[in-house]
Amino acid sequence: MKTTNLTKRAKTISIACGILAASLSFGASAFAFSDLKGNAAETKINSLHNAGVINGITNDLFAPNAKVTNAQAVQFLVKGLSLTPKTDSNATASQLFDNVKDNAWYASSFAIAKQSGLTLAKDIKPNEAMTRAEFAHLLTQALQSKGSFPVTKMYFMIEDGDKLPAEVNYSLQVLLNTKVLTLDNGKFRPSDAITRAEAAVMIHDAADFADRVITPNNPGNEPSEPEPVPENQYTSEVTLDKIAEGVNKATITVDNLPNPGYGLAVERIEFTSDTKAVIYFKVTLPDPDKMYPQMISKGTVSTYLPAGYTATAEPVMGSRWLQPSEAAK
């Protein structure tokens, strides 16, 4: 696996603390599908089966190498991440999708997924195979729909990812940084249909990440927002610097912070067009157990964007006292 100490590419992602923990517990499984013996994914698949997330094609067979249809994939995502609608819409599946009937076994999962913010096309065909890239992108969105979560700053070189849309590439960076996903000798095979075993492993590891890292002690709690620093009107600035072919480093700077204990953190990045991005950030509070000199300070934080994008920075809740930045080119 090739990595560099760059950082993620851009597309909407929440970077803060707290998402609803997935309501699955994955331990050793007493059940075993007969066609999984010796398969590296056996334990995880059986754990998902015991948790009621996935079923075999028969009582005894899982068919690990079979392709996953769009209907199966959406069902995996909704059940595996315990998705709940984020809107008050009462729309039925048939109203949301051209090819999903309300009496289909997967209808409720499609409606929940759409209302949870997953970007499913209106004309999606339930019985068509889903690609690995499509599944990974939806999985990242499923995690994002649960709330916000921290991501380390490592940029992974995906040898066969050069033709992927920026938002999909960014989703892969998120999953790689959270170790939900790993590359095979630097490659991801994005256009290949995802198999049942591959999808199950990704669902298992995503749910485990949520449960283990995000809210292990208080599952179900919504993330709390930091207290705002003393109110004032300050302006943030964004500068872009080329650091590699096709990658720019975006640095946000905020002047006039009350003391050196205050800092900045990128919470998410959103594309608003093919050439514009908005970086959402928050001010982090000083360590209450430390003493800081009372002196006006400057805070900076960096992230990474694909080349060709201009960027502005917007404060999030907890930083309302800041003014949005001007566009950086």
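The exercises below work through one predicted protein model, each with a task and a stepwise solution.

Because this is a predicted model, local features need pLDDT of at least 70 and side-chain atom pairs count only at pLDDT 80 or more, while totals for chains, interfaces and linings use all residues. Residues are numbered from 1 along each chain as its sequence is written, and side-chain values use heavy atoms, with hydrogens and water left out.

**Exercise 1. The chain as a whole**

Task: State how many helices and strands the chain has, and what share of its residues count as buried.

Solution. Step one is to read off the elements: the chain has 7 helices and 9 strands, where helices (H or I, at least four residues) and strands (E, at least two) are DSSP runs, numbered from the N terminus. Step two concerns burial: 51% of the 329 residues count as buried, a word that stands for under 20% relative accessible area, with exposed meaning over 50% and partly exposed lying in between (1.4 Å probe, protein chains only). Step three turns to contacts, that is, heavy atoms within 4.5 Å: of the contacts in the chain with a separation of 6 or more, 75% are between residues 24 or more positions apart.

**Exercise 2. The surroundings of R132**

Task: Find out which residues R132 is in contact with, leaving aside its neighbours within four places in sequence, and say which side chain is joined to that of R132 by a polar contact of 3.2 Å.

Solution. Begin by placing the residue: R132 is found in helix α5, which covers residues 132-146, and R132 is buried, with a relative accessible area of 7%. Next, list the contacts beyond the sequence neighbours, which are F188, R189, P190, D192, A193, I194 and E198. A193 shows how the fold brings separate parts of the chain together, since R132 and A193 are 61 residues apart in sequence and 5.7 Å apart in space, C-alpha to C-alpha. Then look for polar contacts (pairs of N or O atoms within 3.5 Å; within protein, one must be able to donate a hydrogen and the other to accept it, and residues adjacent in sequence count only if both atoms are side-chain atoms). The side chain of E198 is joined to that of R132 by such a contact of 3.2 Å, and the side chain of R132 also reaches the backbone oxygen of R189 at 3.3 Å. Finally, consider the partner: E198 lies in helix α7, residues 196-214, and touches R132, R189 and A193 when residues up to four places away in sequence are not counted.

**Exercise 3. Positive phi in a loop**

Task: Compare N185 and R189 by asking whether each is buried, partly exposed or exposed.

Solution. First, recall the background: most residues other than glycine have a negative phi. Phi of N185 is nevertheless near 55°, a positive value in a residue other than glycine, and R189 has a positive phi of about 55° although it is not a glycine. Second, locate them: N185 lies in the loop between α6 (166-177) and α7, and R189 is found in the loop between α6 and α7. Third, apply the burial classes: N185 is exposed, with a relative accessible area of 66%, whereas R189 is partly exposed, with a relative accessible area of 35%.

**Exercise 4. A sheet of three strands**

Task: Work out which strands stand at the edges of the sheet β5-β6-β8, and how the neighbouring strands run.

Solution. Start with the general rule that strands of a sheet pair through backbone hydrogen bonds, either parallel or antiparallel. Here 3 strands form an open sheet in the order β5-β6-β8, with mixed pairing, and two strands pair if DSSP finds at least two bridges between them. The edges are β5 (263-271) and β8 (310-315), each with a single partner strand, so one side of each is left without a neighbour in the sheet. Now take the pairs in turn: β5 and β6 run antiparallel and are joined by 8 bridges, with A265 opposite K282 in β6, and a hairpin of 4 residues joins β5 to β6. By contrast, β6 (residues 276-284) and β8 run parallel and are joined by 6 bridges; V278 stands opposite T312 in β8, and the bridge partner of I279 in β8 is A313. Lastly, 7 of the 9 residues of β6 are buried, so β6 is largely enclosed by the rest of the structure.
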